[in-house]
Each structure stands twice: as C-alpha cells, then as structure tokens.
Amino acid sequence: MKHDRTIRACSIWRALDVVGDVPVLLIMEQSFLGTHSFDEFVTRTGLARSVVNGRLKKLVEEECLVKVPKKGGRGFHYVLTQKGRDQFPNGLMMLRWQHKWEADSRDFQVRLHHVTCGHATEPVPACAHCRAEIDPRDVDWREGPGLAQVVPHYERRRFNGEIGARRPGGRPLVDTMIELFGDRWATLVVRAMFTHINRFDDIQRDTLMATNILTGRLERLVRQGILKTVPYSAHADRVEYRLTAKGRDLYPVLLALLQWGDKWFSDERGPPLLLTHRPCGHDLSMVAACSHCGDELQLSNSRFTIETAEGSA
C-alpha cells in the first residue's frame, strides 16, 4: 500500500528538515550568542570551514540568516532574520533541559539573565493563556487540517564527529541536546513516544527507518536514560519503550519545534496537529517564561554568561 511508504509530515518533521542537523544547531547557538562572521563561526564551533560554509549557505537559503555586507565592503556578516530569531524558544528549552538533567556533568555553567526584571532566571515552558507550566500529560492532541503523509527522504548529512570541547572556552552550551536533536532519526523516535507509539514494529512503521538504524537509536536513548523498556508479555524479549521522567521533559523542545514549524511551514489548510491544554481548555501555545517574573523571555531581553572555575566569561 502507498500509505505504508509514507510518514506523517507534522511540523516537527518540517522543522527538522532545516534544523535537524548538528552543524546547523551549533551555528544557530552561536548566532544567538552574537556571532556574525564566518571566521568566528569556524573558531567557535570547531567545524571545518567547508562545513560552516555549506550550513551558512543553507541557513541563508532557508531565510533563517541574511548576509549583510561588512562596513568597507570586505566580506559579510550573517544576521538572524525573524524566522531565525523565532528559533530562540527552542534554544531556551534545550538549555532548560540541559540545566535540569546534566548540570553536574559539565565543567562550566550557563547563567541566563532576564534584562527586563534584572534577575537570573530559568526558562519555564508555560501556557500562553493560563501561564501554568506545561506537562505533556495535560495536553490533548488531534490531527489538524494540514496533516499530510509524505515519502521520507533521510539525507545522509549526519555529523559524525564529537562536539564536546570543540571550541575555546569549553563545549557548546547545550551539547547533549544538539547531539540528540541534530539526529532526525532519534528525534522522530522521541516524537513517536509522545503519540503513544511504543513498540518496535509500530515505531518502524511510523518512521520508516531501517531496522538496524532504529535498533541503534533505541539502544542509545535507553543508555542515555531517556527511554526505558517495559515487558508486555511473558517473553522477555517483547518490550515496549516508554519515556522516563528525563525523556518526558524533552516535550517542551519538541513543542518549540512544532510551533516554529507551524508558523513558518504550515500551508493554507492550517496546522498539521491541534493541541489543547486540558487545565484551561484553550488551544495550547507555549511561551518561554522567566522563572522570576513570569514575562516572556526573548532574544532581545536575555543575556548569557558562562561561569567556569576561573570566573565568568
């Protein structure tokens, strides 16, 4: 059947077409930190010049960055567009997860400051209507008018290098998150979990991954503590995969991807998925809220400092 060769093209899938790639995420992280020049991107990401050149070209083509001539006409700066700036909540949700689950595994700490209220803060995934912190178990979803089935094209552009300790001053700010969400296959496995697709054969049908690739991703996610196995019959090898608390806390990252995809890739029919926040009964829209004052964190009102044993950077 034709349907068996297609997968759901929700907005997460469409967003991953652009940002489901480790070098792209490394470059976007640096853009949020104020990096603009080609040489700075190379130095700060540790990527090969050819890789940086290719990904910057892609981000310009996707209208996430725009090339602006430098003063004097020698070379270009790469500046975030509105489409690129709208990825900032995704970066904040990645930072939140990394702070919560892996803070002790790092040799530096990232501090976020909300300029508007003047306090140190942690981003909170909050419902835009009632401002309650979002728990995925409180969210109902149904298919929207824009849901489509597409034949998947898994480009072999995965980054096979290590991203730890690649730049002066330490690792990327959200290294584990970049490694996970820079791998479209792993991200689609996590997406399947949130739509109650838990068994190997069902995940394979949902994603159309090769069985060896799916086996590898499931093993890695279990090893990272994001998934756990739960037997569903008397046969020890028959298991379902379930999210741990650590895995369930990835939901705000997926939600940020979904909202970005809805805004920039939905067609005239509307969004592919419709979400409802059960506690308030309204359509779910997430904002990254300041943990101190509750106002929305934006790129224009957020500042980062990196603290090491030697002091702040």
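The exercises below work through pockets, a cavity, a helix, cysteines and aromatic rings in a predicted model.

Residues are numbered from 1 along each chain as its sequence is written, and side-chain values use heavy atoms, with hydrogens and water left out. Because the model is predicted, local features need pLDDT of at least 70 and side-chain atom pairs count only at pLDDT 80 or more, while totals for chains, interfaces and linings use all residues.

**Exercise 1. Describe the largest pocket and state which element gives the largest share of its lining.**

Step 1. Begin with the term: on a 1 Å grid over the protein atoms alone, a pocket is an open set of points with protein on both sides within 12 Å along at least five of seven lines, a cavity is a set of points where a 1.4 Å probe fits but cannot get out, and lining residues have an atom within 4 Å of a point. Grid points are joined across faces, edges and corners, and a volume is the space filled by probe spheres set on the points.

Step 2. The largest pocket has a volume of about 630 Å³, and of its 29 lining residues the closest to the centre are Pro89, Gln259, Trp260, Ser285 and Met286.

Step 3. Two or more lining residues come from each of α5 (82-85), α6 (88-102), α12 (251-265), β11 (273-277) and β13 (286-290), where helices (H or I, at least four residues) and strands (E, at least two) are DSSP runs numbered from the N terminus. The largest share, six residues, belongs to α12.

Step 4. By residue type, the lining divides into 15 nonpolar, seven polar and seven charged; here Ala, Val, Leu, Ile, Met, Phe, Trp, Tyr, Cys and Pro count as nonpolar, Asp, Glu, Lys and Arg as charged, and the others, Gly among them, as polar.

**Exercise 2. Describe the second largest pocket in the same steps.**

Step 1. The volume of the second largest pocket is about 540 Å³, and among its 24 lining residues Met193, Phe194, Thr195, His196 and Tyr251 are the closest to the centre.

Step 2. At least two lining residues are supplied by each of β7 (139-143), α8 (184-194), β10 (239-243), α12 and β11, and the largest share, four residues, comes from α12.

Step 3. This lining divides into 15 nonpolar, three polar and six charged residues.

**Exercise 3. Decide whether helix α2 is mostly covered or open, and find the cavity that it helps to line.**

Step 1. Helix α2 spans residues 22-32, and eleven of its eleven residues are buried, so the helix is mostly covered; buried means under 20% relative accessible area, exposed over 50%, and partly exposed in between (1.4 Å probe, protein chains only). Just after α2, glycine 34 takes a positive phi of about 100°.

Step 2. The structure holds one cavity of 30 Å³ or more, and the largest cavity has a volume of about 200 Å³. Of the 16 residues that line this cavity, the closest to its centre are Glu29, Phe32, Gly91, Leu92 and Val174.

Step 3. Both α2 and α6 supply at least two residues of the cavity lining, with α6 giving the most, six residues.

**Exercise 4. Explain why cysteine 280 forms no bond with cysteine 127.**

Step 1. A disulfide is a pair of cysteine sulfur atoms within 2.5 Å, and the structure holds zero disulfides.

Step 2. The closest cysteine sulfur to that of cysteine 280 is in cysteine 127, 3.9 Å away, which is too far for a bond.

Step 3. Cysteine 293 is likewise in no disulfide, with the sulfur of cysteine 290 the nearest at 3.8 Å; at 34% relative accessibility, cysteine 293 counts as partly exposed.

**Exercise 5. Classify two aromatic pairs, and place a charge over a ring.**

Step 1. Rings of Phe, Tyr and Trp (its six-membered ring) pair if their centres lie within 6.5 Å, and planes under 30 degrees apart count as stacked, over 60 as edge-to-face and the rest as tilted. The whole structure contains five aromatic pairs.

Step 2. Phenylalanine 32 and phenylalanine 88 have ring centres 5.4 Å apart and planes at 75°, so their pair is edge-to-face. It links helix α2 to helix α6, across 56 residues, and both phenylalanine 32 and phenylalanine 88 are buried.

Step 3. Tryptophan 260 and phenylalanine 265 are also edge-to-face, because their centres are 5.5 Å apart and their planes at 80°. Tryptophan 260 is buried at 3% relative accessibility, whereas phenylalanine 265 is partly exposed at 23%.

Step 4. A charge sits over a ring if NZ of Lys or CZ of Arg is within 6 Å of the ring centre and within 35 degrees of the ring normal. The charged end of lysine 67 sits in this way over phenylalanine 76, 4.3 Å from the ring centre.
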